[in-house]
Amino acid sequence: MSLPEVKLSDPKALRGYAHPLRMALIGLLRQQGPMTATQAAERLGESVPNCSFHLRQLAKYGLAERAPGADARERPWRATALNTSWDDVSDDPQTRAAVDELSAVQLALYVRKAEEFLARRAEESTAWRAVTGFTDRPVYVTVDEMAALRTRIDALITEYDDRIADPAKRPAGSRKVSLVRLALLADPPPTDALADATGAGSGGDGELPVSGPVARDLGEQRGDR
């Protein structure tokens, strides 16, 4: 199934989402449903005015909206979609800078989640410890092969999307697992000088030395991406 999605493209919206508390608020609304700023503040350990301000900012960029309340005094918020995405292919300098800023905030959140998991991993059962954790593995692929690999990985994960929207479809014993995909180029792009030095274009194999595997599979929904 295809999850309801908000796609960000405007640099202001991208920068507007690039805030740890705003990402935490959206994650909370998506996981636990509509809630007031007061309820969100209690769960996140933040002040009510702070949560209220950031929820209004999220609404400004189409990520949150008001939901019907139990009475006239309640003013809950809800997420407008279950997924947020953005493209990293713009040639516009402002958009590229905003995407980099948002990605940096997202990466910091991934690291924090990984550290929190490590701190309590010993409390988990042997079975769960055996299927979670960190690993890395290098692959030598062309850009087209990398695109195809991403498509195959996304297709596998999409098979479980219906369980996000409908808790009744989650089998007994299932738990939320955050799958974080990091596709990192191990070396900077080759230059003509480097290519000449390695024999590329002059009969050599042109392969540059690599420093070893660097991509880590932290093993959420394309992050929050």
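Which residues does Leu63 touch, not counting residues up to four places away in sequence? Let's use that as a way into this structure, which is a predicted model. The residues in question are Val6, Tyr17, Ile26, Leu58, Arg78, Ala79, Thr80 and Thr84. Leu63 itself sits in the loop that joins helix 4 (48-60) to strand 2 (64-66). Residues under 20% relative accessible area count as buried, and Leu63, at 1%, is therefore buried. One of its partners, Arg78, is 15 residues away in sequence, and the C-alpha atoms of Leu63 and Arg78 are 8.7 Å apart in space.

Now step back to take in the whole chain. It holds 9 helices and 4 strands. Starting from the N terminus, you can follow the elements in the order β-α-α-α-α-β-β-β-α-α-α-α-α. The chain has 225 residues, and 28% of them count as buried. Its accessible surface is about 14,700 Å², with carbon and sulfur atoms contributing 53% of that area.

Helix 3 is a good next stop. This helix covers residues 37-44, and its buried residues are Ala37, Ala40 and Ala41. Looking down the axis of helix 3, you would find these buried residues within an arc of 100°, so they line one face of the helix. What do the buried residues of helix 3 pack against? Their partners are helix 2 (20-32), helix 4 and strand 3 (77-79). Directly after helix 3 comes Gly45, which has a positive phi of about 70°.

From there, move along to helix 5, which spans residues 93-120 and includes Thr95. Is Thr95 buried or exposed? Its relative accessible area is 10%, which is under the 20% cut-off, so Thr95 counts as buried. If you set aside its neighbours within four places in sequence, Thr95 is in contact with Ser9, Pro11, Leu14 and Ser90.

Finally, have a look at the aromatic side chains. A pair of aromatic rings is described by how far apart the centres are and by the angle between the planes. Rings of Phe, Tyr and Trp count as a pair if their centres lie within 6.5 Å, and by this rule the chain has 0 aromatic pairs. There is still a ring worth finding on your screen: Arg175 lies over the face of Trp128, at 5.3 Å from the ring centre.

Conventions: Residues are numbered from 1 along each chain as its sequence is written. This is a predicted model: local features need pLDDT of at least 70, side-chain atom pairs count only at pLDDT 80 or more; totals for chains, interfaces and linings use all residues. Side-chain values use heavy atoms; hydrogens and water are left out. Helices (H or I, at least four residues) and strands (E, at least two) are DSSP runs, numbered from the N terminus. Buried means under 20% relative accessible area, exposed over 50%, partly exposed in between (1.4 Å probe, protein chains only). Contact means heavy atoms within 4.5 Å. The arc is that of the directions from the helix axis to the C-beta atoms. Rings of Phe, Tyr and Trp (its six-membered ring) pair if their centres lie within 6.5 Å; planes under 30 degrees apart count as stacked, over 60 as edge-to-face and the rest as tilted. A charge sits over a ring if NZ of Lys or CZ of Arg is within 6 Å of the ring centre and within 35 degrees of the ring normal. Accessible areas come from the Shrake-Rupley method with a 1.4 Å probe; for residues, only the protein chains shown count as cover.
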